[in-house]
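Open the model in your viewer and show the side chains as sticks. This tour goes from one selection to the next and says what is there at each stop.

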Amino acid sequence: MKIAAISDIHGNLYALMKVLEDIDEQKVDKIICLGDLVGYGPHPNEVVALIRRREIPCIKGNYDASVVDGDYTYIRNTTINSFSLPWAVNEVRASNKYYLDSLPLKLEYSINGVNIVFTHGSPEKINEYLFENGENTVQAMNNFTGDVLVCAHTHIPSCKKFDNKLYINVGSVGKPKIGRPNCTYALIDISDDGEVNVSIREIEYEFKRIVKDCAMLNFPNSITHSYESGQE
């Protein structure tokens, strides 16, 4: 079974459309979204609509939760978020907030004998950063009872074995932090005999379109520039 795992779209419709085009070409069996559909980018309602229209199973991200709450419950109170959060709270339709609020915090599947768990941050905290070499990641994987943990939130893709368990971070579709303005997502192929193969896909898209949209809406330069640089 081949799964495409996407996350952290953050209101970037152009990136999501390009990634879904690439996923369709890969002929996957299932697409799963790890959350953060909204925040930062100028197209939150359009992103939610596309995810719902494609009937993609989705979990709740920390920015999704904060937009629903209307407060810095799960995100940092930074200069960028002091603009992005109120803007998203005002922009996201009530029906889409209801959808975001209804999303689960994790999804679990058993595929060909492999127990695979999808979360946004860590299995314990929606907003915990699990970097590949973080001490907390080692602890999280020691406590993890499944076979494969698929997470996001850091916007940096990676894959690492922890003894007989596999950690996968899918990166970010809409707001990468890899030093390039490209989308990333993970392809996870689980064979009939339970072997797991992972590849990280890096996709170019017309990022100048979202830069233009942000400029038209008078978004802060720090947000606009992040799409060009691939940095926070």
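The stops below cover a hairpin and then several salt bridges in this predicted model.

**Stop 1: the hairpin**

Select residues 158–162, which form strand S6, and residues 165–169, which form strand S7. The two strands pair in the antiparallel sense, and five bridges join them. Now pick cysteine 159 and look across to S7, where isoleucine 168 is its bridge partner. Then move to the turn: two residues sit between the strands, and aspartate 163 has a positive phi near 55°.

**Stop 2: aspartate 24 and arginine 54**

How many salt bridges does the structure hold? The count is seven. For one of them, select aspartate 24 and arginine 54, whose closest N and O atoms are 2.8 Å apart. Aspartate 24 belongs to helix H1 (residues 13–26), while arginine 54 is in the loop between helix H2 (44–53) and helix H3 (62–69), so the salt bridge ties together parts that are 30 residues apart in sequence. Switch on a surface here: aspartate 24 is partly exposed at 43% relative accessible area, and arginine 54 is also partly exposed, at 34%.

**Stop 3: glutamate 232 and lysine 177**

Next, select glutamate 232 and lysine 177, which form a salt bridge with 3.7 Å between the closest N and O atoms. Glutamate 232 lies in the segment after helix H8 (221–229) and lysine 177 in the loop between S7 and strand S8 (183–190), so this pair joins parts 55 residues apart in sequence. Is each partner buried or exposed? Glutamate 232 is exposed, with a relative accessible area of 53%. Lysine 177 has 19% relative accessibility and counts as buried, because the cut-off for buried is under 20%. Keep both residues selected and add Arg76: Arg76, Lys177 and Glu232 are linked in a network of salt bridges.

**Stop 4: arginine 180 and glutamate 202**

Finally, select arginine 180 and glutamate 202, whose side chains meet in a salt bridge at 2.7 Å, N to O. Arginine 180 is in the loop between S7 and S8, and glutamate 202 is in strand S9 (residues 196–203); the pair links distant parts of the chain, 22 residues apart. On the surface view, arginine 180 is partly exposed at 38% relative accessibility. Glutamate 202 is partly exposed as well, with a relative accessible area of 36%.

Methods. Residues numbered from 1 in each chain as written. Predicted model: local features only at pLDDT ≥ 70, side-chain atom pairs only at ≥ 80, totals over all residues. Heavy atoms only, no water. Pairing = 2+ DSSP bridges. Helix = DSSP H or I, 4+ residues; strand = E, 2+ residues; numbered from the N terminus. Salt bridge = Lys/Arg side-chain N within 4 Å of Asp/Glu carboxyl O. Buried < 20%, exposed > 50% of the residue type's maximum accessible area, 1.4 Å probe, protein only.
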